[in-house]
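These are my notes from going through one model. I looked up two residues and one sheet.

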Amino acid sequence: MAPTATNPPASPGPPGVISVAIGRWAVAAAPARIKTLLGSCVGVVLFDRVARVGGLAHIVLPDSRGAIDQPGKFADTAIPAMVADMEALLRVRAAGRVVAKLAGGASMFATGPAAQAGAALNIGRMNAEAAERILAGLRIPIVARDLGGESGRHLTMDTASGIVAIRIPGGADHEI
């Protein structure tokens with residue numbers, strides 16, 4: 001199997017497939033596929049096309065507010081931690097080599113009068129905005145997005161190609 005780093009170690013699955021649980025991340029060299037299931041959470045995919053190394057973080061909330069006990073849960077802690085794992089695998093700095101793709105961030109829980117007025121708390125949008133801000137600060141360009149909507153997504157990233165396959169239940173499959 002390809003070299004990997006996950007937080008925590010990935011659960012056993014089919015050879016070459018790493019499942020990322022909610023609030024976790026994984027990085028792997030080709031050949032491997034990294035997958036997760038997203039709702040309002042945002043999947044941050046990183047890819048180094050030269051080394052064919054990729055990573056996926058399953059972001060639950062935008063800001064840790066200083067909490068350090070669950071670094072994979074928050075955009076401000078998960079993304080830098082995943083970048084550090086990629087750099088350890090690459091043995092070089094990620095900036096200038098790695099690109100990002102974002103998916104998820106659906107508005108899954110908007111209810112009540114505030115939602116009808118469009119003023120509901122949209123955690124999916126907040127997660128996406130936090131991920132975009134953190135990636136900009138790390139100088140990692142975002143080359144594709146599949147964000148928003150009201151449905152969850154199955155996301156699978158191929159570390160050989162960098163292609164991210166998106167499957168929306170009841171919708172068409174597509175790639176970014």
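I call a residue buried when its relative accessible area is under 20%. The model is predicted, and I read every value below with that in mind.

**Asn122.** Is Asn122 buried or exposed? I find a relative accessible area of 16%, so Asn122 counts as buried. I place Asn122 in the loop that lies between helix H2 (112-116) and helix H3 (123-137). I then checked what the side chain of Asn122 reaches, and found the backbone nitrogen of Arg125 at 2.9 Å.

**His58.** I looked up His58 next and found this residue in strand S6, residues 53-59. His58 has 3% relative accessibility, and is therefore buried. Which side chain shares a polar contact with that of His58? I find Thr36, with the contact at 2.7 Å. I also listed the contacts of His58, setting aside neighbours within four places in sequence. Thr36 is in that list, along with Val20, Ala21, Ile22, Gly23, Arg24, Leu37, Leu38, Cys41, Val42 and Gly72.

**Sheet.** Leu38, one of the contacts of His58, took me to strand S9, where Arg153 is the bridge partner of Leu38. How many bridges join strand S4 to strand S9? I count 6 between S4 (residues 33-38) and S9 (residues 153-158), and the two strands run antiparallel. I traced the open sheet as S2-S4-S9-S10-S11, which makes 5 strands with mixed pairing. At its edges I find strand S2 (17-19) and strand S11 (174-175), each pairing on one side only.

Definitions and conventions:
Residues numbered from 1 in each chain as written. Predicted model: local features only at pLDDT ≥ 70, side-chain atom pairs only at ≥ 80, totals over all residues. Heavy atoms only, no water. Helix = DSSP H or I, 4+ residues; strand = E, 2+ residues; numbered from the N terminus. Buried < 20%, exposed > 50% of the residue type's maximum accessible area, 1.4 Å probe, protein only. Polar contact = N/O pair within 3.5 Å; in protein donor to acceptor, adjacent residues only side chain to side chain. Contact = heavy atoms within 4.5 Å. Pairing = 2+ DSSP bridges.
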